[in-house]
Amino acid sequence: NNQLILALDVTEKNKALDVAEKVYEYVDAVKIGYPLVLKTGIGIIEDISSRVPVIADFKVADIPNTNRLICEQVFNSGADAVIVHGFTGRDSLDACVATANEYNRQVFVVADMSHPGATEFFQQVSEKIAKMSLDTGVSGVVAPATRTNSVENIRKIIGNELAIISPGVGAQGGSASDVINKGADWVITGRSIYQSDSPDTEAKKVVQEIKNRN
Ligand code: BMP
């Protein structure tokens, strides 16, 4: 377990495959979202998942029936996990979990976000979303490496029942070692790795930083 997830937000298929090939031994999963899938097609998930587990970041946020229909397509594509929103309520989340269970796959819920605008609305509901996520069957929550107090707070709420995966390391200013120390299980980082001339060196650096942290 390297505690690192790569956010593969490139939009060229060859670049995506090249970066994945270079870093797969340093990352525990690759997060794929709209930029890459909308450009190259859903088949990219299967291409990458033959090498490394794929977390499909579609931030699913609809009524239960539509959530189910979306999650079916996501899991049919070969994704190992899906990221969904929690603010739509328990019934919408339950629909995602039920679908994931049918496919024996995992769900992660966005509990708080890493960008500055998250303090406008998201921060006010993050504790509620974290609490709601307990006992639902999800694997974990997403919480921001840019505001480690939020990670700490969410860890207190969810105890050891759920994992925390934490974006915002690197380009957004978050530190991998800090957020792991505050309770995250994995960091998610994108640009600082895939925009580098040497993605494998950058990925390795993050892994080392986490392993050697105080
Ligand atoms: P980067 O390291 O390039 O900033 O990428 C972070 C990744 O995590 C992006 O895919 C972004 O969409 C995602 N993300 C985030 O940055 N903050 C959140 O709160 C939730 C996210 O999914």
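User: Which atom lies 3.3 Å from a polar side-chain atom of aspartate 57, and how is such a pair to be read?

Analyst: A polar contact is a pair of N or O atoms within 3.5 Å; within protein, one must be able to donate a hydrogen and the other to accept it, and residues adjacent in sequence count only if both atoms are side-chain atoms. In this structure, the partner of aspartate 57 is an oxygen atom of the ligand, 3.3 Å away. Lysine 59 places a polar side-chain atom 2.7 Å from a ligand oxygen atom. For glutamine 172, a side-chain N or O atom is 2.7 Å from an oxygen atom of the ligand. The model is predicted: local features need pLDDT of at least 70, side-chain atom pairs count only at pLDDT 80 or more, and totals for chains, interfaces and linings use all residues. Residues are numbered from 1 along each chain as its sequence is written, and side-chain values use heavy atoms, with hydrogens and water left out.

User: How many residues surround the ligand, and which classes do they belong to?

Analyst: A residue is near a molecule if one of its heavy atoms lies within 4 Å of it. Here 14 residues surround the ligand, and Asp9, Lys31, Lys59, Ser114 and Gln172 are the closest. Ala, Val, Leu, Ile, Met, Phe, Trp, Tyr, Cys and Pro count as nonpolar, Asp, Glu, Lys and Arg as charged, and the others, Gly among them, as polar. By these classes the shell holds four nonpolar, four polar and six charged residues.

User: Which space does the ligand take?

Analyst: A pocket is found on a 1 Å grid over the protein atoms alone, as an open set of points where a 1.4 Å probe fits, with protein on both sides within 12 Å along at least five of seven lines; lining residues have an atom within 4 Å of a point. A molecule sits in a pocket if more than half of its atoms lie within 2 Å of its grid points. The ligand takes the space of the largest pocket. Of the 26 residues lining this pocket, Asp9, Lys31, Lys59, Pro167 and Gln172 lie nearest its centre. The lining comprises twelve nonpolar, eight polar and six charged residues.

User: Which residues line the second largest pocket, and how do they divide by class?

Analyst: Its lining includes Ile5, Asp28, Phe108, Ile165 and Trp186. By class, the lining of the second largest pocket has nine nonpolar, one polar and two charged residues.
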